[in-house]
Amino acid sequence: MKITILGCGPSYGVPSLTRGFCECDAKNEKNIRLRTAMLLQDKEVTILFDTGPEIRLELLRVGSPDLTALCYTHSHYDHMAGAEDVRAMMREKDQILPVYGTAGDLSALKDQLSYVLRSAINKPGFRLHHITPYHSFKIKHVKLTPILQQHGNGISIGYRIGDFAYCTDVHSIDEKGWRALQGIKVWVLGCVSSSSHNQKHLSLDTAIQWVHRLKPDITYLTHMGGRMDYDTLCRELPSYIRPAYDGMVIDTNKKTPHK
Ligand SMILES: [Zn+2]
Ligand SMILES: [Zn+2]
């Protein structure tokens with residue numbers, strides 16, 4: 001499978017309007033982070049995960065590929081605000097895109113798009129499919145298992161696909177979730193800050209503890225805020241934990257051993 005990190009930024013992006021690059025080196029392009037989204041490609045299947053406010057730019061950067069499906073992790077602004085860009089693209093292509101999410105997240109999507117969905121001249125472009133944690137589903141030959149994650153006072157969905165998993169916007173996972181993740185080799189994991197004061201996301205020290213518990217071959221950090229300088233992380237983290245960057249491509253078949 002080919003994974004493309006479309007964006008690995010926090011909800012406010014890096015640089016942010018108020019804090020700029022914060023502790024990140026502004027001269028390093030890898031510290032410019034659009035809002036978090038990911039593309040998974042396997043044979044003829046291309047699955048988009050989330051549609052944040054910069055999804056148009058993110059998809060243009062990778063040549064605007066034909067999408068097979070869209071999966072949502074949750075409905076926060078930084079993961080769903082660009083939904084209309086994708087829906088309008090499908091409508092213009094006269095195609096229907098299957099969209100997967102929890103009942104709550106798809107309800108939030110319908111609310112967000114109500115003004116276009118009501119209009120007779122706007123065909124839907126999306127077909128919504130409810131998912132339930134731990135009830136696996138298939139998009140053509142690709143099997144996905146949704147994993148329930150705690151994210152502040154709400155929930156988000158992680159996805160396991162074969163020996164790969166995508167877990168962003170998470171601060172805790174229960175035992176069932178840990179069992180569902182057992183045996184993964186490649187992990188994309190959300191980690192917002194090197195400080196430990198966050199009620200919604202993993203801090204760096206907890207992310208490292210999680211990696212040592214699950215022991216995937218390699219973990220890539222995403223959803224990184226302004227305290228997470230790329231070169232500093234590369235220097236200080238063990239080789240089996242790497243910061244992602246926008247545009248990073250991961251071949252899940254090429255793994256480095258966990259040491
Ligand atoms: Zn987020
Ligand atoms: Zn969130």
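A crossover counts as right-handed if, looking with the strands pointing away from you, the path from the first strand over the helix to the second runs clockwise. Keep that in mind for this predicted model, where strand 10 (residues 164-167), helix 6 (residues 175-181) and strand 11 make just such a right-handed β-α-β unit. Strand 11 (residues 186-190) is a good place to start the tour, with five of its five residues buried. From there we'll move to helix 7, the nonpolar core and a few loop residues.

**Strand 11 and its partners**

- On one side, strand 11 pairs with strand 10 in the parallel sense, over four bridges. Here C167 stands opposite L189 of strand 11.
- Strand 11 also runs parallel to strand 12 (residues 218-222), and five bridges join the two. L189 turns up again in this pairing, standing opposite L221 of strand 12.
- There's a second right-handed β-α-β unit too, made of strand 11, helix 7 (residues 204-214) and strand 12.
- In a regular strand, side chains alternate between the two faces of the sheet. In strand 11, V186, V188 and G190 sit on one side, with W187 and L189 on the other, and both faces are covered.

**Helix 7: two sides**

- Which residues of helix 7 are buried? They are L204, A207, W210 and V211. These four lie on the same side of helix 7 because they cover an arc of only 115 degrees around the axis.
- Flip to the other side of helix 7 and you'll find D205, Q209, H212 and R213, which are exposed.
- As for what covers the buried residues of helix 7, strand 11, strand 12 and strand 13 (241-243) are included.
- Just past the end of helix 7, K215 takes a positive phi of about 55 degrees.

**The nonpolar core**

- The largest nonpolar core has 58 residues, and M38 and C71 are the ones that touch the most other members.
- Take C71 and set aside its neighbours within four places in sequence: it is in contact with I47, F49, Y100, L144 and Y159.

**Loops with unusual backbone**

- P15 belongs to the loop between strand 1 (2-7) and strand 2 (37-42). The peptide bond leading into P15 from V14 is cis, with omega near 0 degrees.
- D50 isn't a glycine, yet its phi is positive, at about 75 degrees. You'll find D50 in the loop between strand 3 (45-49) and helix 1 (55-61).
- S64, also not a glycine, has a positive phi of about 45 degrees. Its loop runs between helix 1 and strand 4 (69-71).
- Are D50 and S64 buried or exposed? D50 counts as buried because it has 29 C-beta neighbours inside 10 Å. S64 has 11 other C-beta atoms within 10 Å, so S64 is exposed.

**K140, a loop residue with distant partners in sequence**

- K140 sits in the loop between strand 7 (137-139) and strand 8 (142-151).
- Why is K140 called exposed? The cut-off for exposed is 12 or fewer other C-beta atoms within 10 Å, and K140 has 12, so K140 is exposed.
- K140 and E44 are 96 residues apart along the chain, yet their C-alpha atoms are separated by 9.1 Å.
- Not counting residues up to four places away in sequence, K140 touches V45 and T68.

Notes
Residues are numbered from 1 along each chain as its sequence is written. Chains are lettered from A and ligands numbered from 1 in the order in which they are written. This is a predicted model: local features need pLDDT of at least 70, side-chain atom pairs count only at pLDDT 80 or more; totals for chains, interfaces and linings use all residues. A residue is buried if 20 or more other C-beta atoms lie within 10 Å of its own, exposed if 12 or fewer, and partly exposed in between; C-beta atoms are placed from the backbone. Two strands pair if DSSP finds at least two bridges between them. A nonpolar core is a set of buried Ala, Val, Leu, Ile, Met, Phe, Trp, Tyr and Cys residues joined through C-beta atoms within 7 Å. Two residues are in contact if their C-beta atoms, placed from the backbone, lie within 7 Å. The arc is that of the directions from the helix axis to the C-beta atoms.
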